Amino acid sequence: MKNEIIEKLELFLQNLRCEDAGRETLVHLDSCQAESKRLAELEKEYRQVMSGLENSSKTIMVSYTEQMQSKAFAEQQEAYLQGMIDAFQILFGLGVLSANENVEKIISKLKNGSPE
């Protein structure tokens with residue numbers, strides 16, 4: 001069973017990740033952009049192959065592709081959240097982050113399951 005506090009922290013971090021896609025500190029890796037370009041180049045060939053398949057084969061390929069995308073997104077979320085948790089632990093361990101009254105209130109609410 002998963003820790004409820006970690007679940008709530010995950011939800012918070014997921015929302016934080018997706019809310020401000022235009023912020024200055026948003027990370028864009030060159031390797032990711034290169035992979036996107038390569039994928040775009042393959043798309044024309046993919047569409048040609050798909051157009052030559054029977055409907056049952058197309059259905060399988062579409063389902064497989066969608067599942068790969070879903071899995072990749074889940075893995076991205078997992079890696080992002082793990083990195084955030086690790087960073088928090090390191091900063092707390094270094095004494096850079098410390099609990100204050102507001103943080104203590106948030107922790108208390110998370111522990112008690114209070115919405116606000």
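This report walks through the fold, the salt bridges and the surface of a predicted model.

## Overall fold

The protein chain has four helices and zero strands, so the pattern along the sequence reads simply α-α-α-α. What does the overall size look like? The radius of gyration of the protein chain is 21 Å, whereas a compact globule of 116 residues would come out near 13 Å. The C-alpha trace spans about 65 × 35 × 25 Å along its principal axes.

Burial is scarce here: 4% of the 116 residues count as buried. The accessible surface adds up to about 10,100 Å², and carbon and sulfur atoms hold 57% of that. As for contacts, take those with a separation of 6 or more: 52% of them link residues 24 or more positions apart.

## Salt bridges in α2

There are three salt bridges in the structure. One of them pairs R38 with E41, with 3.7 Å between the closest N and O atoms. That falls inside the cut-off, because a salt bridge here needs the nitrogen within 4 Å of the carboxyl oxygen. R38 and E41 share helix α2 (residues 30-51) and are three residues apart, about one turn of the helix. R38 has a relative accessible area of 42% and is partly exposed; E41 is also listed at 42%, again partly exposed.

Helix α2 also carries the bridge between R47 and E43, this one at 2.7 Å from N to O. R47 and E43 are four residues apart, about one turn of the helix. Are these two side chains buried or exposed? R47 counts as exposed, because its 55% relative accessibility is over the 50% mark. E43, at 36%, is partly exposed.

## Along α3

Moving on to helix α3, E75 and K71 meet in a salt bridge with an N to O distance of 2.4 Å. E75 and K71 sit four residues apart in α3, about one turn of the helix. E75 is partly exposed, with 41% relative accessibility.

G83 is in helix α3 too. Its relative accessible area is 35%, so G83 is partly exposed. From G83 to I106 there are 23 residues in sequence, and the C-alpha to C-alpha distance is 21 Å.

## Nonpolar patch

Which residues make up the nonpolar patch on the surface? The members are F88, I90, L91, F92, L94, V96 and L97, and together they have about 670 Å² of accessible area.

L97 is found in the loop between α3 (55-94) and α4 (101-112). At 35% relative accessibility L97 counts as partly exposed. That value also lets L97 into the patch, because patch residues need over 30% relative accessible area.

## Helix α4 and what follows

How well does the length of α4 agree with its residue count? At 1.5 Å a residue, the 12 residues of α4 should span 16 Å, and the end C-alpha atoms are indeed 16 Å apart, so the two agree. Right after α4 comes G113, which has a positive phi, near 75°.

Definitions and conventions. Residues are numbered from 1 along each chain as its sequence is written. This is a predicted model: local features need pLDDT of at least 70, side-chain atom pairs count only at pLDDT 80 or more; totals for chains, interfaces and linings use all residues. Side-chain values use heavy atoms; hydrogens and water are left out. Patches are made of residues with over 30% relative accessible area and no salt bridge: like charges are joined within 9 Å, nonpolar side chains (Val, Leu, Ile, Met, Phe, Trp, Tyr) within 5 Å. Accessible areas come from the Shrake-Rupley method with a 1.4 Å probe; for residues, only the protein chains shown count as cover. A salt bridge is a side-chain nitrogen of Lys or Arg within 4 Å of a carboxyl oxygen of Asp or Glu. Helices (H or I, at least four residues) and strands (E, at least two) are DSSP runs, numbered from the N terminus. Buried means under 20% relative accessible area, exposed over 50%, partly exposed in between (1.4 Å probe, protein chains only). The expected span of a helix is 1.5 Å times one less than its number of residues. The radius of gyration is taken over C-alpha atoms; the globule rule is 2.2 Å times the number of residues to the power 0.38. Contact means heavy atoms within 4.5 Å.
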